[in-house]
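Colleague: Got a minute to go through this model with me? Put it up and let's start with the strands.

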Amino acid sequence: MIEVSEQEVHHFRRHGWVRVPGLHDAAQVAKLLATMEKGFAHPPDVNETYGKAAAHSPKDVVSNGDAQTVLLNVRELNLYYDEIKPVCCDPRVGDVVRQLLGVDKVRLFSETYLNKPPAGKATPWHQDWPLQPFDRRDTVNCWVALDDIVLEQGPLQVVSGSHRLGSLYMPVDFSEEQSLSTLLSKEDIELLWSLAAPTDLKMEEVPVHRAPFTAGDALIFYGSALHGAPGNQTKRHRRGYTRSIIGSDVRYTGMPYLKTDSVGLAAGSAFDLPRYPLFA
Ligand SMILES: O=C(O)CCC(=O)C(=O)O
């Protein structure tokens, strides 16, 4: 198991994010990359993965067919490739997230394999939470680097303290970037600085955690935290693996969402389906 100190739990809850170096070892990273390659070679049909989304559901914010690529992505490969399940649902990961959130059990909600290719555009600032049908805040995005990532390659970055701001906007299209100055008030920015981490950089007037990654390192942040990534200015791909992991008590609100419209959940129920396994 990975030791999570009291300071790390405090850091996560105060700043909204925490770094976990070496969350996955080289063998696990290699398995994730091999599965990702298979997934991109034979991308599962989204209507097969989730069932058909309701007509009024917002469309997917990132598409592999975008004219100017932000991120190429392939999803939920654990439903298609059994060999990745032990990595995807690694009990060590569940144990870390359980301790950070302070809940008894956590479950996998979703997983995405991401590639920001050379010249890939910036990932706009957004929160995951406004898109997701969760009734409470016990949700994280566990983002893992699958390559060594330098600053020019577009590492994932998080606005410290932004998990305290509530829902700012629902992204509809990643080809449009919302600037932080339009999203945030002066008082929001004051709050963010009161919650800044010592190593944060000042970007667009707010405290941002931005640092290089070694493959296997994770950045775990609340689903309500603002995050994004600069464009990839290098000739190398920037590959990552993200899981949305939720407390087992989180309930489905019934809000339209393409990942849940047709999976068979009743509004008000826990995500108690085989496709949302509990971490052991
Ligand atoms: O990898 C990125 O650039 C963005 C990933 C992201 O926004 C997410 O996992 O929600």
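Colleague: What stands opposite Thr123?

Modeller: Ala229 in β10 does. β4 and β10 pair in the antiparallel sense over 2 bridges; strands are DSSP E runs of at least two residues, numbered from the N terminus, and pairing takes at least two DSSP bridges. It's a predicted model, so local features need pLDDT of at least 70, side-chain atom pairs need 80 or more, and totals for chains, interfaces and linings use all residues. Residues are numbered from 1 along each chain as its sequence is written.

Colleague: What order do the 5 strands of the open sheet come in?

Modeller: β4-β10-β6-β8-β7, with antiparallel pairing. β4 (123–126) and β7 (201–203) are at the edges with a single partner strand each, so one side of each has no neighbour in the sheet.

Colleague: Switching to the ligand: which strands each supply at least two residues of its shell?

Modeller: β3 (106–116), β5 (139–145), β10 (227–229) and β11 (238–247). Thr123 and Ala229 are among the residues around the ligand, as are Lys116 and Asp128 (C-beta, placed from the backbone, within 6 Å of the ligand).

Colleague: And the core? Which residues have the most contacts inside the largest nonpolar one?

Modeller: Val97, Val140, Cys142 and Ile220, in a core of 63 residues. A nonpolar core joins buried Ala, Val, Leu, Ile, Met, Phe, Trp, Tyr and Cys through C-beta atoms within 7 Å; buried is 20 or more other C-beta atoms within 10 Å of a residue's own.

Colleague: Where does Val97 sit?

Modeller: In helix α5 (residues 91–101), among its buried residues.

Methods:
Buried ≥ 20, exposed ≤ 12 C-beta atoms within 10 Å, placed from the backbone. Helix = DSSP H or I, 4+ residues; strand = E, 2+ residues; numbered from the N terminus.
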